[in-house]
Amino acid sequence: MKIIKNYLPLAMVMVMGLLMLGSYYVPHKLSVDYVEQMNKWENIVFAFAFLLGLLSLFVSHYGKIRRRQDGWGYSIFVFVGFLIMVVPSLISGGKQMVDGQVTGLGWSFRYVYNALSATMFAVLAFYIVSTAYRSFRIKSAQAFVLFVAAFILILGKVPLGQMAWESVLGWTGYGIDRVIEWIMSVPAVAGKRGIMIGIAIGAIVTSLKIIFGIERQYMGKD
Amino acid sequence: MKENLLKFLKIDRRWIFLALAMILFVPIIKPIGLPNKTISKDVQNAFNYLDKVPAGSFVLFSLDYDPSTRPELHPQAVAALRYAFKKNLRVGIVTYIAGSTGLIQQLIEKVPAEAGKVNGTDYVVYPYMANAVAAMTQMASDFYGIYDKDIDGRDARSLPVMKGVRNYKDIPLIVNITGTSILDFWVAYVGDKYNVPVVGGVTAISQPGYGPYLQTGQLKGLIGGMKGAAEFESLVKEPGKGTSGIDALNLAHLMVLLLILTSNIILLVVRYL
């Protein structure tokens, strides 16, 4: 039993992991075919993951409605939203336009999903502006550096700011675009590169731990 | 006086919402037409790469944005696509974001018709694929292994637009416009590995994150946010939504600056006077 529950999954992960890792560096046909096959498998697994995610979402929200939990009314909209998109999609065979005519799915996308999604994102702008006023306070030397960098970047992002910079600081010979370019290509890139290298090393270490069976959380508890 | 200033510091945020709404409302209803004076190096590079692709070549557009980032990214896609058609390039459109499919539909309803381009002959749209990395890797050996049919169900191999296209070796440029991290995948799994030039279009908020890729030349050019869209539109001489959106962007940015300055001046006054 232990072989099936423990050793077999570990061996599978190790073999598949090493083969995938090796295939990245081996341009042989066998290696390419193997990657292609794995990609197809991955897509199939992806489809099942979608289904599983959807079922999990439904069960969770159905539970909220059944128990009349706080905010249960919002959960109804999960099902309403799902039906608004899926029913027209099934009827129109997934097509948004047929012979120049917008189908039910096309209509739902344009006038429901489009509007809702754009509204959600647009509302963020209001919160960002309000938060900038309330939170962007210079209370330390670090906050001052952040303030100066943010101020220059925001100013340089818009033509009106560029014009303001030129009229006040044009005599220095440093255009705001040059200052922004320096901020973006020296301190910003240095910080970002450090983060990227850190993430990459972390990902490599985690992958190797999984491949060699040191990290086994994916196998469950028992 | 200090009390009054402190009250102003704790102003009800609904007043700020109202002020922003009014500031955005005016230029949207009646554009002021503020000039866009500079062209950034990254946008210029993006344009140059698209510009130097020989006529008749096949360029792959990966349009991966949904309605939430539409105001910034759709104008970029429209401008880039218009220029590709103007240059008589063959265009393939793919997406790895389900929410993009409707926006791509809106794009192809309008842009190809303006240039007199024919679906299947001058351009082709492929269906949504869930797993971006798997699809990108697959296309390296055989494009049709993952995209055997276009969005209308036609055999991709038989389409005139795909003539001579088998894998990345036959694609001189990839343009990825996205509000996600898919551009990172294009750079890492395709640009670097198969030496295909990749040009990106991203939201203003994610633009600074691509600095390292631009500096090393892994990313050939980058259009950032609505300003980037306006700059690209001015390069291709096709003013669109990017250019007209600049007014609202201008005023909203200046409002943010004024609010930050005001709150800090008040803080200084309260603390030291």
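How many salt bridges are there between chain B and chain A? The count is 2. This is a predicted model, so everything below is computed from its atoms.

## Where the two chains meet

Let's start with the contact itself. Chain B brings 68 residues to it, and chain A brings 53 residues. The size of an interface is often given as the accessible area lost when the parts come together. Here the area buried between chain B and chain A is about 5,500 Å², and carbon and sulfur atoms give 64% of that area.

Polar contacts also cross the interface: 14 residue pairs of chain B and chain A are in polar contact, with both residues at pLDDT 80 or more. On the side of chain B that touches chain A, several helices supply at least two residues each, among them α1 (2–9), α2 (13–29) and α5 (101–115). The helix that gives the most to this side is α10(B), with 17 residues. Sorted by kind, the residues on this side of chain B are 32 nonpolar, 23 polar and 13 charged.

## A bridge from chain to chain

Now look at K41(B) and E181(A). These residues form a salt bridge, with their closest N and O atoms 3.6 Å apart. K41(B) sits in helix α3 (residues 41–51) of chain B and E181(A) in helix α7 of chain A, so this pair joins two chains. K41(B) counts as exposed because its relative accessibility is 51%, just as E181(A) counts as partly exposed because its value is 40%.

## Salt bridges within chain B

Over all chains, the count comes to 8 salt bridges. Three of the pairs are set out here.

| Pair | Closest N to O distance |
|---|---|
| K41(B) and E181(A) | 3.6 Å |
| E114(B) and R82(B) | 2.8 Å |
| D152(B) and R154(B) | 3.8 Å |

E114(B) and R82(B) form a salt bridge. This pair links distant parts of the chain, as E114(B) is in helix α5 of chain B and R82(B) is in helix α4 of chain B, 32 residues apart. Is each partner buried or exposed, or something in between? E114(B) is partly exposed at 46% relative accessibility, whereas R82(B) is buried at 18%.

D152(B) and R154(B) are also part of a group: together with D150(B), they are linked in a network of salt bridges. D152(B) is partly exposed, with a relative accessible area of 43%, and R154(B) is partly exposed too, at 29%.

R154(B) turns up again among the contacts of K149(B). Leaving aside neighbours within four places in sequence, K149(B) is in contact with Y126(B), P127(B), R154(B) and A156(B). You will find K149(B) in the loop between α6 and β4 (173–178) of chain B, where its relative accessible area of 44% makes this residue partly exposed. The C-alpha atoms of K149(B) and V125(B) are separated by 9.5 Å, although these residues are 24 places apart along the chain.

## A helix you can check yourself

Helix α5 of chain A covers residues 141–157, which is 17 residues. Why does its span make sense? At 1.5 Å a residue, the helix should span 24 Å, and its end C-alpha atoms are 24 Å apart, so the two values agree.

Which residues of α5(A) are buried? They are A143(A), F147(A), A150(A), I152(A), I154(A), L155(A) and G156(A). These buried residues pack against α6 (159–169) and α7 (176–211) of chain A, and also against α9 (225–235) and α10 of chain B.

Another residue with a partner across the interface is Q207(B), in the loop between β5 (198–202) and α8 of chain B. Q207(B) is buried, with a relative accessible area of 13%. Not counting residues up to four places away in sequence, Q207(B) touches K157(A), V202(B), L222(B) and G224(B).

## Two backbone surprises

Most residues other than glycine have a negative phi. Two residues here go the other way. R68(A), which is not a glycine, has a positive phi of about 55°. R68(A) lies in the loop between α2 (29–67) and α3 (72–91) of chain A and is exposed, with a relative accessible area of 52%.

N88(B) is the other one: its phi is near 60°, a positive value in a residue other than glycine. N88(B) belongs to the loop between α4 (70–86) and β2 (90–94) of chain B, and is partly exposed at 45%.

Key
Residues numbered from 1 in each chain as written. Chains lettered and ligands numbered in written order. Predicted model: local features only at pLDDT ≥ 70, side-chain atom pairs only at ≥ 80, totals over all residues. Heavy atoms only, no water. Contact = heavy atoms within 4.5 Å. Buried area = accessible area lost by both parts, 1.4 Å probe. Salt bridge = Lys/Arg side-chain N within 4 Å of Asp/Glu carboxyl O. Polar contact = N/O pair within 3.5 Å; in protein donor to acceptor, adjacent residues only side chain to side chain. Helix = DSSP H or I, 4+ residues; strand = E, 2+ residues; numbered from the N terminus. Nonpolar A, V, L, I, M, F, W, Y, C, P; charged D, E, K, R; others polar. Expected span 1.5 Å × (residues − 1). Buried < 20%, exposed > 50% of the residue type's maximum accessible area, 1.4 Å probe, protein only.
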